[in-house]
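Colleague: Hi! Could you take me through this one before the group meeting?
Modeller: Sure, here it is, so ask away.

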Amino acid sequence: MFQDPRADYKITQSLFFWLSFPVVKWSVSRSRCPQSQFCPNPVCLCICEESWEATVQHFALLNRMHLTTEEKIELGLKEQGTVNPAFVVKDSDEEPQLTVHIGEPHTEALDESVKNRVDLVYSLNDRPPWYLCILLGFQHYILAFGGIIAVPLILAEPLCIKDNNNAKSQLISTIFFVSGLCTLLQTTFGTRLPVLQGGTFSFITPTLAILALPKWQCPAPKASVVLSMQLQNGSSPLHMEDSDEVWMSRMREIQGAILVSSLLQIVLGLSGLVGFVLRFIGPLAIAPTINLIGLSLFIEAGKKSGGHWGIAALTVCLILLFSQYLSKVDVPMIAYKDKKWKVFQYPLFKLFSAMFGMCGAWLVCFLLTIFDVLPSKSNEYGFSARTDINLDAVTNSPWFHVPYPGQWGVPTVSLSSVLGMIAGVLASTMESIGDYYACARLSGAPPPPTHAINRGIAVEGIGCILAAMWGTGNGTTSYSQNIAALGITKVGSRLVLQTTGILMIVLGIFGKFGAVFITIPDPVIGGMFLVMFGMIAAVGISNLQYVDLNSSRNLLILGFSTFSGLVLPSWFHSNPGIIDTGIKELDQVIVVLFTTHMFIGGFFGFILDNTIPGTEKERGIKSWQEKVQGGSKSMCNLSCYDIPLCSGLLKRYRCFQYMPFLPSYMSNQQGTSK
């Protein structure tokens, strides 16, 4: 009929639709389907009587399945802006449109090629306009802000820089700078998923255990500037002329511990041992590990909040108000599009709940300070809620400060510190693997293959080494809250997270930008900690949904591992010097390991879960893995995990097929399985 066979085929499809119109209408009036879904057989349609609009849409989608790839992309881009409830544009002169929810079809082609194209505004490989990338990238930066800035604020006191505002601002700038570098590495060469990298609480618990050793106790506040401390080998005292050496020496110890322990993460990724180790790790090992990360930090939250419990409670209430009570309230916002102003609904409170809560309490403290309501003497209750305590940090900090490797000196390494930090590395690895699957599901990518997971873990190890070289006092890991934001904003573009990484690097160079955050009052930070650390503990508990909690075996493992993780560190802290084997290094190893809450909980959970007999269903391993790995709805193929600019080279040489972190490794495995 036509010279173009595609046009001929489209005419046939259209004729089929209109000729079958009476039959479909008859079937609608004769049948009622309780599931409100289409049957897999297109001849016998089983749909609800009320779903006539869905039927028409179904045929349109079937017709669209046969379009070329270019046409699908064109159609998808035209539809994306109208289906996301977070970005629904409402004209004042138009009637509101009703959307029909179609049950998930059984045909894979329809589910994969069309339905998910409608769910996301931008999928993994899409490239939004540059101005949207900056706006959405800054949004991710704000979401990660609370977790990243919490790390240096927690470590300030044990590092003995509580009153050194210049050191605090440098530390804040450094951790933002390194987080941006690691985000670029992960999104470009790691898993290539839109995963933001930032400071992790998994490293804080072993860090606090290391700094609690007698050799790293902070000197008395009224001590002279010329201080003395014992060297690692126990030689003569070291006289320091610069007070910065007090905290820099402790920072170098933490740097060395992270530097060496992160090599384990690189080995796990590059060797492919991640998949092997995961077979023995289940919810009963993960739950107490992550749970104890949050529970062990309650002392830090109490110290900050105790400065003024009223301000801390206000911060908590504001965060709860924005994140829970107002989470479903969309704020009308104005945008200029198609040469006219339009109003669209945006989940502002849900996305920026932590920032709004913190800034709201910060503003109240500022007003109370301006009107001199808060006490002005440092020994009075409520003085720490003033916002003018650390204003000199902003004044004295430089406009530009470029962090560089070794800025605090050459890292020092000790066996006890390295072994203690390994617990944090393993906990961070387990958390990140679950984040990869969740991120793929929300960004329209297929489930990450083995080589992508291995490479992602290896790149996280490299990121931790970079953090150790620059001296953040912490490592890096994937941020779950930013992955959750992908599902809210319906934007899963890799380019957006790469823009976030660039923004973090640029803002980390501005010294005064980091110094501004030092003026946040301690009670405001404490209120944020109360919510944040509680959420971490709750995330650990949520892993128990996959296990049989009616089993006495599981209750025993969970209770003993969690309780031991609280009791043993508390006892060791209350009895310093109780361990005396005659070997100083061995004493330090024992003390660091047994004062690390997450190590004890994870160790007992892992050992008991793998030695006490129990079925896979009872242990919850199978359902946990299916839940984590299943349910992905992809809008792109596995090529989205390929390393850029290397595909041709990797396919050319056979030696690359045996490396478990390269894309050619998976194709080789598939070829052998077939």
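Colleague: Let's start with packing. At what angle do helix α7 and helix α20 pack, and how far apart are their axes?
Modeller: Bear in mind that this is a predicted model. In it, α7 (residues 165-188) and α20 (residues 494-509) pack at about 155 degrees, and their axes are 7 Å apart. An angle over 145 degrees counts as roughly antiparallel, so that is how α7 and α20 run relative to each other.

Colleague: And is the crossing of α7 and α20 left-handed or right-handed?
Modeller: Left-handed.

Colleague: Which residues meet there?
Modeller: On the α7 side they include Phe-176, Phe-177, Gly-180, Leu-184 and Thr-188. Among their partners in α20 are Leu-497, Gly-501, Ile-505 and Gly-508.

Colleague: What about α9 and α18, how do their axes cross?
Modeller: The axes of α9 (residues 244-271) and α18 (residues 450-470) come within 7 Å and cross at roughly 165 degrees. That makes α9 roughly antiparallel to α18, and α9 passes α18 in a left-handed crossing. The residues that meet include Ile-258, Leu-259, Ile-266 and Gly-269 from α9, with Ile-457, Gly-461, Cys-464 and Ile-465 among those from α18.

Colleague: Switching to the interior: how many residues does the largest nonpolar core have?
Modeller: It has 88 residues. Phe-176, Phe-201, Ile-520, Phe-529 and Phe-533 have the most contacts inside it. Helix α6 (residues 130-155) supplies the largest share of this core, 13 residues. Apart from it lies another core, of 21 residues, with Val-274, Ala-438, Ile-453 and Tyr-641 among them.

Colleague: Back to Phe-529, what does that one touch?
Modeller: Leaving out residues up to four places away in sequence, Phe-529 touches Ala-150, Ile-154, Glu-300, Ala-301, Lys-304 and Gly-534.

Colleague: Now some loops. Where is Ile-643?
Modeller: Ile-643 is in the loop between α27 (621-629) and α28 (647-652). Its relative accessible area is 12%, and because the cut-off for buried is under 20%, Ile-643 counts as buried.

Colleague: Which residues does Ile-643 touch?
Modeller: Not counting residues up to four places away in sequence, they are Phe-189, Arg-192, Arg-455, Leu-662 and Pro-663. The C-alpha atoms of Ile-643 and Thr-188 are separated by 7.6 Å, with the two residues 455 apart along the chain. Thr-188 is also one of the α7 residues that meet α20.

Colleague: And Thr-387, buried or exposed?
Modeller: Buried, with a relative accessible area of 9%. Thr-387 lies in the loop between α15 (353-370) and α16 (391-396). Beyond residues up to four places away in sequence, Thr-387 touches Trp-362, Cys-365, Phe-366, Thr-369, Thr-519 and Pro-521.

Colleague: One more helix: what do the buried residues of α24 pack against?
Modeller: They pack against α8 (204-211), α17 (415-442) and α25 (597-611). The buried residues of α24 (residues 584-594) are Asp-587, Gln-588, Val-589, Val-592 and Leu-593.

Colleague: Last thing, what is the average pLDDT?
Modeller: The protein averages 75, and 75% of the residues score at least 70. Over residues 223-241 the pLDDT is below 50, and that stretch has 29 contacts in the model beyond near neighbours in sequence. Residues 667-674 also have a pLDDT below 50, with two such contacts. Where pLDDT is low, the predicted coordinates should not be read in detail.

Note on methods:
Residues numbered from 1 in each chain as written. Predicted model: local features only at pLDDT ≥ 70, side-chain atom pairs only at ≥ 80, totals over all residues. Heavy atoms only, no water. Core = buried A, V, L, I, M, F, W, Y, C linked by side-chain atoms within 4.5 Å. Buried < 20%, exposed > 50% of the residue type's maximum accessible area, 1.4 Å probe, protein only. Helix = DSSP H or I, 4+ residues; strand = E, 2+ residues; numbered from the N terminus. Contact = heavy atoms within 4.5 Å. pLDDT = per-residue confidence, 0-100. Axes fitted to C-alpha atoms, helices over the stretch in contact; angles between N-to-C directions. Parallel < 35°, antiparallel > 145°, perpendicular 65-115°, else oblique. Left-handed = near helix turned anticlockwise from the far one by under 90°.
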